[in-house]
Amino acid sequence: MTRLATKILAGIDLLNEYAGRMISWLTTALVLVVCVDVTLRYLLSQTSAWIFELEWHMFSLIFLIGAAYTLKQDKHVRVDVFYDRYTPTQKAWVNLLGTWLLLIPMCVVVIRGSGWYIDISYTTMEGSPQPGGLPYRFLIKSAIPFGYVLLLLQAIAETIRNLFILLGYPMPEAPATHQ
């Protein structure tokens with residue numbers, strides 16, 4: 001059983017490591033787009049709806065796809081006032097309960113609830129309501145369930161990781177990644 005759990009954990013971690021590293025390049029592109037937008041706006045007094053929308057589309061992708069990577073790296077927001085003082089077993093319990101009571105239900109609700117939202121967007125070929133805005137808004141909306149599936153998978157990996165701690169199993173080695 002631990003061998004299967006270790007393989008599942010390694011597979012999910014590797015998937016989210018890869019997704020996180022790939023989407024991180026989008027942050028560089030976002031910085032460049034913002035610089036172009038600011039330059040056009042303040043030096044040439046020009047602004048466009050499409051460039052503003054491109055910025056928030058890119059940010060949305062970074063957030064949605066990067067959330068699972070952030071959880072994997074344990075860099076997510078947490079109130080550490082008490083958590084820092086906890087033993088590894090207490091931390092595992094807090095993480096396990098938070099994952100099962102908050103994170104997994106939220107992921108399931110968003111994944112299930114986004115289906116109709118995306119369907120309507122595809123059916124109407126939704127684009128920007130702004131003149132000169134980006135077409136095909138339905139494409140960005142399709143990233144919502146994808147990002148939450150990655151987050152749900154990482155929640156499963158975190159469950160396995162915390163169960164290993166609680167059951168006293170040795171923590172499996174993290175899969176090798178290229179840096």
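These exercises walk through a predicted model, each with a worked solution.

## Exercise 1: Helix α4

Task: Describe the span of α4, find its kink, and say which helices its buried residues pack against.

Solution.

Step 1. Locate the helix. α4 covers residues 88–123.

Step 2. Check the span. α4 has 36 residues. From first C-alpha to last, α4 reaches 49 Å, close to the 52 Å expected at 1.5 Å a residue.

Step 3. Look for a bend. α4 has a kink of about 40°, and Thr99 is at its centre.

Step 4. List the buried positions. They are Ala92, Leu96, Thr99, Leu103, Ile104, Cys107, Ser114, Ile118 and Ser121. Thr99 is thus both the centre of the kink and a buried residue.

Step 5. Find the partners. The buried residues of α4 pack against α2 (49–72), α5 (137–141) and α6 (143–167).

Step 6. Look past the end. Met125 follows α4 and has a positive phi, near 50°.

## Exercise 2: A nonpolar surface patch

Task: Which residues form the nonpolar patch on the surface, and how much accessible area do they have together?

Solution.

Step 1. Name the members. They are Val79, Val81, Phe82, Tyr86 and Val94.

Step 2. Give the area. Together these residues have about 480 Å² of accessible area.

Step 3. Place one member. Val94 is in helix α4.

Step 4. Classify Val94. Its relative accessible area is 36%. Partly exposed lies between the 20% and 50% cut-offs, so Val94 is partly exposed.

## Exercise 3: A network of salt bridges

Task: Which residues join Asp13 in a network of salt bridges?

Solution.

Step 1. Start with the total. The structure holds seven salt bridges.

Step 2. Recall the principle. Side chains of opposite charge can pair when their charged atoms come close.

Step 3. Follow Asp13. It forms a salt bridge with Arg161, with the closest N and O atoms 2.2 Å apart. Asp13 lies in helix α1 (residues 2–43) and Arg161 in helix α6, so this pair ties together parts 148 residues apart in sequence.

Step 4. Follow Arg161. Its side chain also meets that of Glu158 in a salt bridge, 2.6 Å from N to O. Glu158 and Arg161 both lie in α6, three residues apart, which is about one turn of the helix.

Step 5. Join the pairs. Asp13, Glu158 and Arg161 are linked in a network.

Step 6. Test for burial. The cut-off for buried is under 20% relative accessible area. Asp13 has 5%, so it is buried. Arg161 has 19%, so it counts as buried too. Glu158 is also buried.

## Exercise 4: Glu17 and its partner

Task: Which residue forms a salt bridge with Glu17?

Solution.

Step 1. Find the partner. Glu17 forms a salt bridge with Lys72, and the closest N and O atoms are 2.8 Å apart.

Step 2. Place both ends. Glu17 is in helix α1 and Lys72 in helix α2. The pair links distant parts of the chain, 55 residues apart.

Step 3. Classify each end. Glu17 has 5% relative accessibility and counts as buried. Lys72 has a relative accessible area of 21% and is partly exposed.

## Exercise 5: Positive phi in the loops

Task: Where do Ser45 and Tyr136 lie, and are they exposed or partly exposed?

Solution.

Step 1. Recall the background. Most residues other than glycine have a negative phi.

Step 2. Take Ser45. Its phi is positive, about 55°, although it is not a glycine. Ser45 lies in the loop between α1 and α2. At 65% relative accessibility, Ser45 counts as exposed.

Step 3. Take Tyr136. Its phi is also positive, about 60°, and it is not a glycine. Tyr136 is in the loop between α4 and α5. With a relative accessible area of 46%, Tyr136 is partly exposed.

## Exercise 6: Two sets of contacts

Task: What do Gly132 and Lys141 touch, not counting residues up to four places away in sequence?

Solution.

Step 1. Take Gly132. It lies in the loop between α4 and α5. Gly132 is exposed, at 53% relative accessible area. It touches Ala49 and Trp50.

Step 2. Take Lys141. It is in helix α5. Lys141 is buried, with a relative accessible area of 11%. It touches Tyr117, Ile118, Ser121 and Glu126.

Step 3. Connect to Exercise 1. Ile118 and Ser121 are among the buried residues of α4.

Definitions and conventions:
Residues are numbered from 1 along each chain as its sequence is written. This is a predicted model: local features need pLDDT of at least 70, side-chain atom pairs count only at pLDDT 80 or more; totals for chains, interfaces and linings use all residues. Side-chain values use heavy atoms; hydrogens and water are left out. Patches are made of residues with over 30% relative accessible area and no salt bridge: like charges are joined within 9 Å, nonpolar side chains (Val, Leu, Ile, Met, Phe, Trp, Tyr) within 5 Å. Accessible areas come from the Shrake-Rupley method with a 1.4 Å probe; for residues, only the protein chains shown count as cover. A salt bridge is a side-chain nitrogen of Lys or Arg within 4 Å of a carboxyl oxygen of Asp or Glu. Helices (H or I, at least four residues) and strands (E, at least two) are DSSP runs, numbered from the N terminus. Buried means under 20% relative accessible area, exposed over 50%, partly exposed in between (1.4 Å probe, protein chains only). The expected span of a helix is 1.5 Å times one less than its number of residues. The bend at a residue is the angle between axes fitted to the seven residues ending there and the seven starting there. Contact means heavy atoms within 4.5 Å.
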